[in-house]
Structure formats: C-alpha cells, structure tokens
Amino acid sequence: MDRHDNGSHPDLTYARMRASVHLLPAYYADLLAQLRAGRPLRSCVEAGRRAEARMVARVDTNCHRGYIFLSGLALVGAYRAQCDIRRLSGAVADAAREFFRIVPAEDSHGSQARRAFAVGGIRREAEAGLPAVFDAAWPRYTSSLRQAGDRRRAAYHAMAALMQRVEDTTALHRCGCAGLNRLRTDGEALQTLLDRGNDPRAFLTQSNDAYRQLGLTMGGVADCLALTFALETCFVEDTSELSFPRKESITV
C-alpha cells in the first residue's frame, strides 16, 4: 500500500490509510492519560477499543487494528520501564502476558491462522518481548542509518530482517504456508541485495506485482516495521532512554 497502488487490499486506498493514521495520536493521548492516572491494564485495553471504534466510525476500516495493539503494548511497556530502554523489551513481554490473561481470546483471522498452522504469531512474539523488533529489525535499521544516513535503505534492512523472522499470520491467512515461505525467501533475497550494495527497487517492484497477483500481504511485518520506526524516533541516543512527547505534540 503506497502512492502507486493499494497492494493486495482492493478495499483500501492510500488516502484512507493516511486518514486512519491521523487518528492514532488521539489514541496515544488517551492511553497515556490512563497510565498517568495509575489505572490498570484493562483501562488501557479500553483505550485501544475506543481507538478501533473511532477508526471504523471515521474511516470505515480497522486497517490499523494490529498497530493499535502493538504500539499500545510498546507504550505501556515503555511507561512501566520508566523510559529505560534496557528494560523495555522485558516490560513489553510482561504487559503482553498480562494482556492475554485478562482479555478473552477473539476468533480473528490471526487466531484462526495460529491454530491452523500451529504458529505463535504476534502473540508469541509479544510475550517474548518483540525479539523480531529489538534483536533484528531495530539494530539493522540503526546500523544502516549510521553507516549510510539513508533512511529508505535503512528501512529496507529492517523490512528484510522482519520478513525472515515474523510469523506473519496475515500471510498465512491469505496464502497458507506457501505465503509465509515466500516472505522468508524474499526477505533473504532482499537482504542479499542490500549486503552487496545493490539497489533493491526493481526486485521490490517485481515482488509487489507478484504479491498482488497472489493476494499476499504481510501485515505483521508492516506493524513491526512501523514500530521500529517509532522506537527509533523516540530513542534518545545520548541518554539511552525513550523520550515521551508532551500530550499536545504526540505524533505517529
């Protein structure tokens, strides 16, 4: 999904996705208010549900539902870790385990794929503290950015790392094991191109065309990639901490 086409989502447009993204700051403000008031995780979950309802009401889609969960979990973890980046992954894991203890399981496409293909999906990833983000994507992104200063190429590095690691249940739901294997293979190919210093855009264009024909998507990869960007934006290198913006200046 970008300015050129809608990927494998005939029901979405770039304009609708942007409109949906612009609703996220209200969610973060609500979530931070719950945390600062000392309310339990159930109140944070309700903030997420309000964000989902707002998205459906205003944009007629829940296209960022996965990112509402993932980014909200990261924000809860960061708050509990008192902005100490060294404790963040563990705090996210603790929050995820608590979340899945108190929130009834839903019969979503993701849960169906986890059962059908015997994978852990984003649940296992979250309960482990998001290692695909903290141990793979984020280090690759920051390393590339520091070496070359090219954010787009750094993003490709992060995406390649995630494609090879995330148990993407959207890919499984759409295309089964063949779809997930395609992500793995393409992630390896993309990483090889990048490591050799080649321009990957022709490969990505060809892959995009193939994915559209197959109806293949990688929503889990996309959510983790967006979170990687958010963490890098919030990370303050000289203090090794995360910086929380003021309520009125919260942005995605």
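**Entry 1. Aromatic side chains.** I began with the aromatic cluster and found that Phe69, Phe99 and Phe100 belong to a single one. The model is a predicted one. I then counted the aromatic pairs of the structure, which come to six. I looked up the geometry of one of them: Phe99 and Phe100 are arranged edge-to-face, with 5.0 Å from centre to centre and 90° between the planes. I also checked the accessibility of Phe99 and obtained a relative accessible area of 17%. Phe99 is therefore counted as buried, since the cut-off for that class is under 20%.

**Entry 2. Ala93 in helix H5.** I turned next to Ala93 and placed this residue in helix H5, which covers residues 85-102. Is Ala93 buried or exposed? I noted a relative accessible area of 5%, so Ala93 is buried. I then listed the contacts of Ala93, leaving aside residues up to four places away in sequence. Ala126, Glu127, Ala128 and Gly129 are the residues that Ala93 touches. I also took the separation of Ala93 from Leu73, a residue 20 positions away along the chain, and recorded 8.9 Å between their C-alpha atoms.

**Entry 3. The loop between H4 and H5.** I looked up two residues in this loop. Cys83 is located between H4 and H5, and Asp84 has its place in that loop too. What is the phi value of Cys83? I read a value near 65°, which is positive although the residue is not glycine. Cys83 is buried, at a relative accessible area of 17%. For Asp84 I found 16% relative accessibility, so this residue also counts as buried. I then related Asp84 to Arg49, which is 35 residues away in sequence; their C-alpha atoms lie 27 Å apart.

**Entry 4. The loop between H3 and H4.** I examined Asp60, which sits in the loop that joins helix H3 (41-59) to helix H4 (65-80). I noted that phi of Asp60 is near 65°, again a positive value in a residue other than glycine. Asp60 has a relative accessible area of 56% and is therefore exposed, the cut-off for that class being over 50%. I set the two loop residues side by side: Asp60 is exposed, whereas Cys83 is buried.

**Entry 5. The chain as a whole.** I counted the secondary structure elements and arrived at twelve helices and two strands. Read from the N terminus, the order is α-α-α-α-α-α-α-α-α-α-α-α-β-β. The radius of gyration is 18 Å, close to the 18 Å given by the globule rule for 252 residues, so the chain is as compact as a globular protein of that length. I took the extent of the C-alpha trace along its principal axes and recorded about 50 × 45 × 35 Å.

**Entry 6. Burial, contacts and surface.** I noted that buried residues account for 48% of the 252 residues in the chain. Of the contacts with a separation of 6 or more, 70% are between residues 24 or more positions apart. The accessible surface amounts to about 13,100 Å², and carbon and sulfur atoms contribute 49% of this surface. I closed with the charged side chains, of which 34 are positive and 29 negative. The centres of these two sets are 3 Å apart.

Note on methods: Residues are numbered from 1 along each chain as its sequence is written. This is a predicted model: local features need pLDDT of at least 70, side-chain atom pairs count only at pLDDT 80 or more; totals for chains, interfaces and linings use all residues. Side-chain values use heavy atoms; hydrogens and water are left out. Helices (H or I, at least four residues) and strands (E, at least two) are DSSP runs, numbered from the N terminus. Buried means under 20% relative accessible area, exposed over 50%, partly exposed in between (1.4 Å probe, protein chains only). Contact means heavy atoms within 4.5 Å. The radius of gyration is taken over C-alpha atoms; the globule rule is 2.2 Å times the number of residues to the power 0.38. Accessible areas come from the Shrake-Rupley method with a 1.4 Å probe; for residues, only the protein chains shown count as cover. Lys and Arg count as positive and Asp and Glu as negative; His and the chain ends are not counted. The place of a charge is taken as NZ of Lys, CZ of Arg, CG of Asp or CD of Glu. Rings of Phe, Tyr and Trp (its six-membered ring) pair if their centres lie within 6.5 Å; planes under 30 degrees apart count as stacked, over 60 as edge-to-face and the rest as tilted.
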